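Colleague: Please show me the model, and then let us go through its cores and its contact between chains.

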Amino acid sequence: MLIRIRPDQIDIPLASDITPQQVYAGRRAFMGQLAAGALAGSGLLAAGAAVAQSSGARKLTAQLNNAYAVMDKPTAYQDATTYNNYYEFGTDKADPARTAGTLKTNPWTVSIEGEVKKPMTLDLDALMKLAPLEERIYRMRCVEGWSMVIPWIGYSLSALIKKADPTSAAKYIEFVTLADKKQMPGLADPIINWPYTEGLRMDEANHPLALLTLGMYGEVLPNQNGAPVRVVLPWKYGFKSAKSIVKIRFVKEQPKTAWNMYAPQEYGFYSNVNPEVDHPRWSQASERRIGEDGFFARKRKTLMFNGYNDVASLYSGMDLKRYY
Amino acid sequence: MKFLSNLSTQRVRQLRNVLFVLCLLPLVRLVAFAFLNRLGANPIEFITRNTGDWALYFLMGTLAITPLRRLTGWNWLVRLRRMTGLYAFFYVFLHFTIFFWLDHFFDFQEMWHDIVKRPFITVGMATFVLLIPLAATSTNAMVRYLGGKRWQWLHRLTYVIVPLGVLHFWWVKAGKNLLAQPILFASIVAALLLVRLLSPKNRQWLMQRLNKRGVGINVVKE
């Protein structure tokens, strides 16, 4: 690999210098074969294990924004795209990668409505051009106690908010996601009240960390990761980051959100990553980093706001044990 | 199918040997998957859930042996029960070990905190602890030592243990509203327990009805 000196002299690799996924997928397969070969006496055993994963997806490139790139090692593309919670495509984490092929992401529109001076409907092309795309490497902490590190591509949600020009009555923002039985087999199960909805307070939504996301790992979003457009809120548990958004509503009252409606004692409206507030059924003090922490490694400590202390000022004076 | 009602001791022993190997397959599969890198992105979650699933299958299977024996008249089935019961304990033990080792790294205090604070873990732990005396008294020598009556009373703990195992599973799944499987398991266990509550006469009537509908294979001769 050619290591270039960055024009800005910052000692962080450019997005393009991070090992391309085809290369590290190949390495993983090779090492899997080595391990199986050494232990089972035959390299052939691993042939089924190395799942081919050249996605053939459309490339989407953007300059890495160093201000928003954690130094943690990015999760393997293979893991980030085959271990997903996306119940519209099945409840097993392996389901979405298998079944999300039926999602039709083009044409796609997102309607912006509610307390805005400029209600509008944006197609994908308009969304792509709304603001300059940038790559950001965020930690992602799931409420279930595992985490990943993902290079996303998008721009701050605030750019879209600015364009929509909310009225002073807009206090919250609501994300409504696609719910189409024809495309989403999981909707047959009334697990939650479809469509899946999520929401933020206006100041949270305007925080520069909140990313309107169109791609990851240098390509457009894979279907199972919420194609074609989602939000990523790295200081909150993963389920707050709504996928496959079709509607963004600006509202006066705190919106009802999907998991919160189902089990308010387990999934709060805020759901900020907080090691001090346990989930009723497990501790949130630690987490397992997918693909990196070995089988017998201790879990790593979870950081307040997932390490994004920038957002702390949004919650000053709030009792975060009460507003979990 | 007639020959199945009268299996020789030797046949039963052979059958038990085959079953012994079959019951190990879930563990063999997990070990093979570990070496083949096929446990997925979150291997510990995978083995935790998988050993828990198998523990439940074996618990329910063991509870099913007596009703199945009555339904079919295959009395030799009871001679497989000790082994399936011990396998249930084995998979529960693996499930617990993963929790104690890979989740808590043998930190007893931390584990205890989890057990008292979280009802689903309390119940899971109770399932494991209550199984220990049953496993410990599973040998012929222990049956003799306790005497048949007392041994039987002790082993009726099964009727508490299996529902506790299902309740543990239910609470695990309830958080994400995935109740189809827990409901199925609870119904199976409820049916297996209810059959035992019927009077011998009613039970015979039910078994014969089931038999007529082709569920059973042999009419029970009593």
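Modeller: A nonpolar core is a set of buried Ala, Val, Leu, Ile, Met, Phe, Trp, Tyr and Cys residues joined through C-beta atoms within 7 Å. A residue is buried if 20 or more other C-beta atoms lie within 10 Å of its own, exposed if 12 or fewer, and partly exposed in between, with C-beta atoms placed from the backbone. This is a predicted model, in which local features need pLDDT of at least 70 and side-chain atom pairs count only at pLDDT 80 or more, whereas totals for chains, interfaces and linings use all residues. Residues are numbered from 1 along each chain as its sequence is written, and chains are lettered from A and ligands numbered from 1 in the order in which they are written.

Colleague: Which strand gives the largest share of the largest nonpolar core?

Modeller: The largest nonpolar core has 70 residues, and those with the most contacts inside it include A:Ile150 and A:Leu157. Helices (H or I, at least four residues) and strands (E, at least two) are DSSP runs, numbered from the N terminus. The largest share of this core, 7 residues, comes from strand S5 (residues 146-156) of chain A.

Colleague: How many residues are in the other core?

Modeller: This other core lies apart from the largest one and has B:Leu59, B:Phe89, B:Val162 and B:Phe185 among its residues. In chain B, buried residues make up 25% of the 222 residues. The size of this other core is 28 residues.

Colleague: Is A:Ile192 buried or partly exposed?

Modeller: A:Ile192 lies in the loop between strand S6 (172-177) and strand S7 (197-201) of chain A. Its C-alpha atom is separated by 6.5 Å from that of A:Ala258, 66 residues apart along the chain. Because 19 other C-beta atoms lie within 10 Å, A:Ile192 is partly exposed.

Colleague: Which residue of chain B does A:Ile192 touch?

Modeller: Two residues are in contact if their C-beta atoms, placed from the backbone, lie within 7 Å. Not counting residues up to four places away in sequence, A:Ile192 touches A:Ala258, A:Trp259 and A:Tyr262, and also B:Asn177.

Colleague: Which helix gives the largest share of the side of chain A that touches chain B?

Modeller: The contact takes 25 residues from chain A and 15 residues from chain B. On the side of chain A, 5 residues form the largest share, and they come from helix H1 (residues 21-40).

Colleague: How many helices does chain B have?

Modeller: The C-alpha trace of chain B spans about 55 × 40 × 35 Å along its principal axes. Its secondary structure comes to 0 strands and 10 helices.
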